[in-house]
Amino acid sequence: MQFDLDNMSRSELEHLRAAVEKAIKSVDVRELQKAREAAERAAAEHGFTLAELTSGAKGRKASGPSKAKYRNPADGSQTWSGRGRKPQWIKDAEQAGTDIESFAI
């Protein structure tokens, strides 16, 4: 199918563009469906459903702050989960030769 774009009116060109955009969306839907079916087959080959594989696909959700593992004996309100940067009171205790396990809760 060939079109003489140079000799088409603005209205004809806009109609053609709308038809092309609609056709592209239709192709996108078909390709997405084919990809989904292929993914479902691949998951089934490994004994899973696609839903099982994608249930966490959006990334890990934060479950809230981590539980404290260590407490500062000098100030009970200061705790540390053992993750992230060490608080200064842990650093100071380690420099003094104290084993941080002595602060375990």
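Where is Pro-87 found? Let's begin there, everyone. Pro-87 sits in the loop that runs between strand S2, residues 79-80, and H3. One thing to keep in mind throughout is that we are looking at a predicted model.

Is Pro-87 buried or exposed? With a relative accessible area of 19%, Pro-87 is buried, because the cut-off for buried is under 20%. If you look across from this loop, the C-alpha of Pro-87 is 9.9 Å from the C-alpha of Asn-72, and the two are 15 residues apart in sequence.

Now take one step back along the chain, to Lys-86. The Lys-86 side chain forms a salt bridge with the side chain of Glu-94, at 3.0 Å from N to O. Both partners are partly exposed: Lys-86 has a relative accessible area of 34%, and Glu-94 has 33%.

Glu-94 also brings us to the core. Ile-100 touches Glu-94, along with Tyr-70, Trp-80 and Ile-90, leaving aside residues up to four places away in sequence. Which residues make up the largest nonpolar core? There are seven in all: Tyr-70, Trp-80, Trp-89, Ile-90, Ala-93, Ile-100 and Phe-103. Helix H3, residues 88-95, gives the largest share of this core, with three residues. As a general point, nonpolar side chains tend to be buried together in soluble globular proteins.

While you have Tyr-70 on screen, find Glu-101 as well. Glu-101 lies in the segment after H3, and at 47% relative accessibility Glu-101 counts as partly exposed. Along the chain, Glu-101 and Tyr-70 are 31 residues apart, yet their C-alpha atoms are 7.7 Å apart in space.

Let's swing over to the other end of the chain and helix H1, which covers residues 10-45. How far apart are the end C-alpha atoms of H1? They are 52 Å apart, and that agrees with the span we should expect, because 36 residues at 1.5 Å a residue should also give 52 Å. After H1 comes Gly-47, with a positive phi near 85°.

Next is Thr-49, in the loop between H1 and helix H2, residues 50-54. Thr-49 is partly exposed, at 42% relative accessible area. Compare its position with Met-8: the two C-alpha atoms are 51 Å apart, with their places 41 residues apart along the chain.

Back on H1, there is another salt bridge to look at. Arg-10 and Glu-14 meet through their side chains, at 3.7 Å from N to O. Why are they separated by about one helical turn? Because they are four residues apart in helix H1. In general, an α-helix has 3.6 residues a turn, so residues three or four places apart point the same way. Arg-10 is exposed, with a relative accessible area of 65%, whereas Glu-14 is partly exposed, at 38%. In total, the model has two salt bridges.

Last stop, the surface. Met-1, Phe-3, Leu-5 and Leu-13 make a nonpolar patch of about 460 Å². One of these, Phe-3, is found in the segment before H1. Phe-3 counts as partly exposed, at 42% relative accessibility.

So, to recap for anyone scrolling along: a core of seven nonpolar residues, two salt bridges, and a nonpolar surface patch that includes Phe-3. Thanks for listening, and I'm happy to go back to any of these spots.

Definitions and conventions. Residues numbered from 1 in each chain as written. Predicted model: local features only at pLDDT ≥ 70, side-chain atom pairs only at ≥ 80, totals over all residues. Heavy atoms only, no water. Patch = residues over 30% accessible without salt bridge, like charges linked within 9 Å, V, L, I, M, F, W, Y side chains within 5 Å. Areas by Shrake-Rupley, 256 points an atom, 1.4 Å probe, with all protein chains shown as cover. Salt bridge = Lys/Arg side-chain N within 4 Å of Asp/Glu carboxyl O. Helix = DSSP H or I, 4+ residues; strand = E, 2+ residues; numbered from the N terminus. Buried < 20%, exposed > 50% of the residue type's maximum accessible area, 1.4 Å probe, protein only. Core = buried A, V, L, I, M, F, W, Y, C linked by side-chain atoms within 4.5 Å. Contact = heavy atoms within 4.5 Å. Expected span 1.5 Å × (residues − 1).
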